[in-house]
Amino acid sequence: ALNQIVLYAGTGPNSSFGHQGGGLPVGLLRSDNGGASWALVGSQGPSGLRITAVVPTGTMTATGQVILVSALDKMDAAAVVKQGGIFRSVDGGLTFTRVVNGSVSDLTTVPGSNSIYAGQPTVGVLRSDDGGQNWAPVNNGLVNVASTLRIKLTAQAGALYAGFIQSIQDVSGTGGVAPRLGGLFRTTDFGAAPAWTALTLPSST
(Lines give C-alpha, C1' and ligand atoms only; values in the text may rest on other atoms or scores of the structure.)
Protein backbone atom coordinates (compact mmCIF):
# COMPACT_ATOMS: atom_id res chain seq x y z
CA ALA A 1 0.00 0.00 0.00
CA LEU A 2 1.12 3.57 -0.65
CA ASN A 3 2.52 5.50 2.30
CA GLN A 4 0.36 8.63 2.50
CA ILE A 5 3.02 10.47 4.52
CA VAL A 6 5.71 10.14 1.81
CA LEU A 7 5.17 12.68 -0.99
CA TYR A 8 7.03 13.44 -4.23
CA ALA A 9 7.15 16.60 -6.34
CA GLY A 10 8.79 17.11 -9.72
CA THR A 11 10.21 20.50 -10.69
CA GLY A 12 10.72 22.44 -13.90
CA PRO A 13 8.90 24.88 -16.18
CA ASN A 14 5.69 23.24 -17.35
CA SER A 15 2.56 24.66 -18.92
CA SER A 16 0.02 23.72 -21.57
CA PHE A 17 1.65 26.24 -23.94
CA GLY A 18 4.89 24.58 -24.91
CA HIS A 19 6.22 24.14 -21.35
CA GLN A 20 7.33 27.78 -21.10
CA GLY A 21 7.74 29.65 -17.82
CA GLY A 22 7.64 28.25 -14.32
CA GLY A 23 10.18 27.11 -11.77
CA LEU A 24 13.73 25.87 -12.19
CA PRO A 25 14.33 22.19 -13.04
CA VAL A 26 16.16 21.34 -9.84
CA GLY A 27 15.07 17.70 -9.78
CA LEU A 28 12.84 15.46 -7.70
CA LEU A 29 11.76 16.46 -4.19
CA ARG A 30 10.66 14.03 -1.49
CA SER A 31 8.91 14.63 1.82
CA ASP A 32 8.80 11.97 4.53
CA ASN A 33 6.50 13.96 6.84
CA GLY A 34 3.44 14.81 4.79
CA GLY A 35 4.94 17.90 3.18
CA ALA A 36 6.31 19.69 6.26
CA SER A 37 9.84 19.54 4.84
CA TRP A 38 11.39 18.50 1.53
CA ALA A 39 14.75 17.22 0.27
CA LEU A 40 16.20 16.63 -3.20
CA VAL A 41 16.61 12.96 -4.13
CA GLY A 42 17.80 11.04 -7.17
CA SER A 43 20.55 13.44 -8.16
CA GLN A 44 21.91 11.02 -10.77
CA GLY A 45 18.51 10.54 -12.43
CA PRO A 46 16.13 13.31 -13.54
CA SER A 47 18.05 16.14 -11.87
CA GLY A 48 18.25 19.20 -14.13
CA LEU A 49 15.41 18.00 -16.36
CA ARG A 50 11.86 19.30 -16.69
CA ILE A 51 9.91 16.65 -14.82
CA THR A 52 6.46 16.09 -16.32
CA ALA A 53 5.04 13.44 -13.97
CA VAL A 54 5.83 11.37 -10.89
CA VAL A 55 4.12 8.03 -10.24
CA PRO A 56 4.76 6.37 -6.86
CA THR A 57 3.67 2.80 -7.56
CA GLY A 58 2.28 0.26 -5.15
CA THR A 59 5.20 -2.07 -5.90
CA MET A 60 7.72 -2.63 -3.12
CA THR A 61 11.18 -4.17 -3.49
CA ALA A 62 13.71 -5.26 -0.90
CA THR A 63 15.20 -1.75 -1.05
CA GLY A 64 12.03 0.33 -1.11
CA GLN A 65 9.14 1.62 -3.19
CA VAL A 66 9.20 1.68 -7.01
CA ILE A 67 8.96 5.29 -8.23
CA LEU A 68 8.59 6.32 -11.88
CA VAL A 69 9.45 9.79 -13.20
CA SER A 70 9.00 11.19 -16.70
CA ALA A 71 11.01 14.12 -18.02
CA LEU A 72 11.74 16.11 -21.18
CA ASP A 73 15.11 16.33 -22.89
CA LYS A 74 17.29 19.24 -21.74
CA MET A 75 18.01 21.34 -24.81
CA ASP A 76 20.59 23.95 -25.79
CA ALA A 77 19.19 25.46 -28.98
CA ALA A 78 18.63 22.35 -31.13
CA ALA A 79 21.09 20.12 -29.26
CA VAL A 80 20.16 17.65 -26.51
CA VAL A 81 22.52 18.22 -23.57
CA LYS A 82 20.84 15.74 -21.23
CA GLN A 83 18.40 13.08 -22.30
CA GLY A 84 14.99 12.83 -20.70
CA GLY A 85 12.80 9.74 -20.67
CA ILE A 86 11.28 7.51 -18.02
CA PHE A 87 13.37 6.97 -14.89
CA ARG A 88 12.72 4.07 -12.51
CA SER A 89 13.74 3.85 -8.88
CA VAL A 90 13.50 0.74 -6.71
CA ASP A 91 14.57 2.49 -3.49
CA GLY A 92 12.00 5.22 -3.01
CA GLY A 93 13.67 7.74 -5.29
CA LEU A 94 17.21 7.66 -3.92
CA THR A 95 18.67 6.31 -7.17
CA PHE A 96 17.24 5.98 -10.69
CA THR A 97 17.77 4.03 -13.89
CA ARG A 98 16.55 5.39 -17.23
CA VAL A 99 14.30 2.75 -18.81
CA VAL A 100 12.98 4.82 -21.77
CA ASN A 101 15.14 7.25 -23.76
CA GLY A 102 13.92 10.58 -25.12
CA SER A 103 11.40 13.18 -23.98
CA VAL A 104 8.34 11.78 -22.21
CA SER A 105 5.55 14.26 -21.55
CA ASP A 106 3.30 12.31 -19.17
CA LEU A 107 2.83 9.22 -17.00
CA THR A 108 -0.34 7.86 -15.45
CA THR A 109 -2.06 4.80 -14.07
CA VAL A 110 -5.65 3.69 -14.62
CA PRO A 111 -7.79 2.92 -11.54
CA GLY A 112 -8.35 -0.82 -11.35
CA SER A 113 -5.45 -1.67 -13.69
CA ASN A 114 -1.89 -2.71 -12.90
CA SER A 115 -0.58 -1.18 -16.14
CA ILE A 116 1.23 2.16 -16.36
CA TYR A 117 0.94 4.44 -19.39
CA ALA A 118 3.27 7.11 -20.78
CA GLY A 119 2.96 9.73 -23.50
CA GLN A 120 6.06 10.08 -25.66
CA PRO A 121 6.03 12.75 -28.40
CA THR A 122 6.42 11.38 -31.96
CA VAL A 123 6.28 7.82 -30.57
CA GLY A 124 2.78 7.57 -29.06
CA VAL A 125 1.35 6.01 -25.93
CA LEU A 126 3.56 3.47 -24.18
CA ARG A 127 2.42 0.85 -21.70
CA SER A 128 4.24 -1.14 -19.06
CA ASP A 129 2.77 -4.26 -17.49
CA ASP A 130 5.72 -5.06 -15.22
CA GLY A 131 6.03 -2.08 -12.90
CA GLY A 132 7.83 0.17 -15.36
CA GLN A 133 10.71 -2.12 -16.32
CA ASN A 134 9.69 -2.58 -19.96
CA TRP A 135 7.57 -0.41 -22.26
CA ALA A 136 5.86 -0.91 -25.62
CA PRO A 137 3.67 1.33 -27.84
CA VAL A 138 -0.13 0.82 -27.79
CA ASN A 139 -1.10 3.06 -30.72
CA ASN A 140 -3.91 1.21 -32.48
CA GLY A 141 -6.33 3.94 -33.63
CA LEU A 142 -4.07 6.90 -32.86
CA VAL A 143 -3.33 9.21 -35.81
CA ASN A 144 -0.74 11.93 -36.47
CA VAL A 145 1.54 10.57 -33.76
CA ALA A 146 4.70 11.64 -35.61
CA SER A 147 3.78 15.34 -35.43
CA THR A 148 3.08 15.50 -31.69
CA LEU A 149 4.93 18.00 -29.51
CA ARG A 150 3.43 16.64 -26.29
CA ILE A 151 1.11 13.77 -25.41
CA LYS A 152 -0.89 14.30 -22.21
CA LEU A 153 -2.79 11.51 -20.48
CA THR A 154 -5.60 11.39 -17.97
CA ALA A 155 -7.53 8.44 -16.58
CA GLN A 156 -10.70 7.59 -14.76
CA ALA A 157 -12.16 4.25 -13.78
CA GLY A 158 -12.46 2.21 -16.95
CA ALA A 159 -11.15 4.82 -19.40
CA LEU A 160 -7.89 6.41 -20.52
CA TYR A 161 -7.66 9.64 -22.53
CA ALA A 162 -4.77 10.94 -24.67
CA GLY A 163 -4.48 14.53 -25.83
CA PHE A 164 -2.09 15.39 -28.67
CA ILE A 165 -0.44 18.81 -28.57
CA GLN A 166 0.77 19.76 -32.05
CA SER A 167 2.05 22.82 -33.93
CA ILE A 168 -1.04 24.12 -35.67
CA GLN A 169 -1.51 27.22 -37.79
CA ASP A 170 -2.46 30.21 -35.64
CA VAL A 171 -6.07 31.14 -36.41
CA SER A 172 -5.61 34.70 -35.13
CA GLY A 173 -4.33 35.87 -38.49
CA THR A 174 -0.66 36.31 -37.55
CA GLY A 175 0.41 33.54 -39.89
CA GLY A 176 2.48 31.78 -37.22
CA VAL A 177 2.13 28.40 -35.58
CA ALA A 178 1.44 27.63 -31.96
CA PRO A 179 1.09 24.53 -29.76
CA ARG A 180 -2.57 23.54 -29.81
CA LEU A 181 -4.75 20.53 -29.08
CA GLY A 182 -4.61 18.59 -32.32
CA GLY A 183 -6.16 15.27 -31.31
CA LEU A 184 -8.14 13.70 -28.49
CA PHE A 185 -8.52 9.94 -28.05
CA ARG A 186 -10.18 7.54 -25.61
CA THR A 187 -9.86 3.84 -24.89
CA THR A 188 -11.71 1.51 -22.56
CA ASP A 189 -9.78 -1.51 -23.83
CA PHE A 190 -6.91 -2.58 -21.60
CA GLY A 191 -6.20 -5.92 -23.25
CA ALA A 192 -3.13 -7.01 -25.18
CA ALA A 193 -3.86 -4.69 -28.14
CA PRO A 194 -6.07 -1.81 -26.97
CA ALA A 195 -7.89 0.25 -29.60
CA TRP A 196 -8.30 4.03 -29.39
CA THR A 197 -11.31 6.03 -30.56
CA ALA A 198 -10.91 9.61 -31.80
CA LEU A 199 -13.12 12.16 -30.02
CA THR A 200 -14.48 15.42 -31.37
CA LEU A 201 -12.25 18.33 -30.40
CA PRO A 202 -13.81 21.16 -28.41
CA SER A 203 -14.60 24.26 -30.44
CA SER A 204 -12.05 27.08 -30.30
CA THR A 205 -14.72 29.73 -30.87
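Here are some questions and answers about this predicted model.

User: Let's start with the overall make-up. How many helices and how many strands are there in the protein?

Analyst: Happy to begin there. The protein has 205 residues, and buried ones make up 43% of them. As for secondary structure, the count is zero helices and 17 strands.

User: What share of the contacts with a separation of 6 or more comes from residues 24 or more positions apart?

Analyst: Here a contact means heavy atoms within 4.5 Å. Counting pairs with a separation of 6 or more, those that are 24 or more positions apart account for 43%.

User: Which strands stand at the edges of the open sheet with the order 10-11-12-13?

Analyst: This open sheet has four strands with antiparallel pairing. Strand 10 pairs with strand 11 over four bridges, strand 11 with strand 12 over five, and strand 12 with strand 13 over two. A strand with a single partner has one side left without a neighbour in the sheet, so the edges are strand 10 (106–109) and strand 13.

User: Could you give me some residue pairs in that sheet? Which residue stands opposite Leu126 in strand 13?

Analyst: Gladly, going across the sheet. Asp106 stands opposite Gly119 in strand 11, and Gln120 stands opposite Gly124 in strand 12. In strand 13, the residue opposite Leu126 is Pro137.

User: Which residue in the turn of the hairpin formed by strand 11 and strand 12 has a positive phi?

Analyst: Strand 11 covers residues 116–120, and strand 12 covers residues 124–128. Three residues lie between these two strands in the hairpin. The one with a positive phi, about 70°, is Thr122.

User: How many of the five residues of strand 12 are buried?

Analyst: Buried means under 20% relative accessible area. Arg127 is one example, since it has 9% relative accessibility and so counts as buried. Strand 12 is largely enclosed by the rest of the structure, because the number of its residues that are buried is five of the five.

User: On to charges. Which salt bridge ties together parts that are 46 residues apart in sequence?

Analyst: The whole structure holds three salt bridges. Arg30 and Asp32 meet at 2.6 Å, N to O, while Arg127 and Asp129 meet at 3.4 Å. The remaining pair has its nitrogen and oxygen 3.9 Å apart. One partner lies in strand 14 and the other in strand 10, so the pair that ties those parts together is Lys152 and Asp106.

User: Are Lys152 and Asp106 buried or partly exposed?

Analyst: The two partners need separate treatment. Asp106 has a relative accessibility of 9%, so this residue counts as buried. Lys152 has a relative accessible area of 32%, which means that this residue is partly exposed.

User: Which strand gives the largest share of the largest nonpolar core?

Analyst: That core has 13 residues, and those touching the most other members are Tyr117, Val125, Leu142, Leu153, Ala162, Phe164 and Trp196. The elements that give two or more residues to the core are strand 14 and strand 15 (159–169). The largest share, three residues, comes from strand 15.

User: Gly141 caught my eye. How far apart in space are Gly141 and Phe185, C-alpha to C-alpha?

Analyst: Gly141 sits in the loop between strand 13 (136–137) and strand 14 (148–156). Leaving out residues up to four places away in sequence, Gly141 touches Phe185 and Trp196. Gly141 and Phe185 are 44 residues apart in sequence, and their C-alpha to C-alpha distance is 8.5 Å.

User: What about the other end of the chain: which residue is the bridge partner of Leu28 in strand 3?

Analyst: Strand 1 (residues 7–10) and strand 2 (residues 28–31) are antiparallel and share four bridges, with Ala9 opposite Leu29. Strand 2 is also joined to strand 3 (residues 39–41) by three bridges, again antiparallel. The strand 3 partner of Leu28 is Val41.

User: Last one. What is the area of the nonpolar surface patch made by Leu24, Val26 and Leu40?

Analyst: Val26 lies in the loop between strand 1 and strand 2, and with 41% relative accessibility this residue counts as partly exposed. Together with Leu24 and Leu40, Val26 makes a patch of about 310 Å².

Technical notes
Residues numbered from 1 in each chain as written. Predicted model: local features only at pLDDT ≥ 70, side-chain atom pairs only at ≥ 80, totals over all residues. Heavy atoms only, no water. Core = buried A, V, L, I, M, F, W, Y, C linked by side-chain atoms within 4.5 Å. Buried < 20%, exposed > 50% of the residue type's maximum accessible area, 1.4 Å probe, protein only. Pairing = 2+ DSSP bridges. Patch = residues over 30% accessible without salt bridge, like charges linked within 9 Å, V, L, I, M, F, W, Y side chains within 5 Å. Areas by Shrake-Rupley, 256 points an atom, 1.4 Å probe, with all protein chains shown as cover. Salt bridge = Lys/Arg side-chain N within 4 Å of Asp/Glu carboxyl O.
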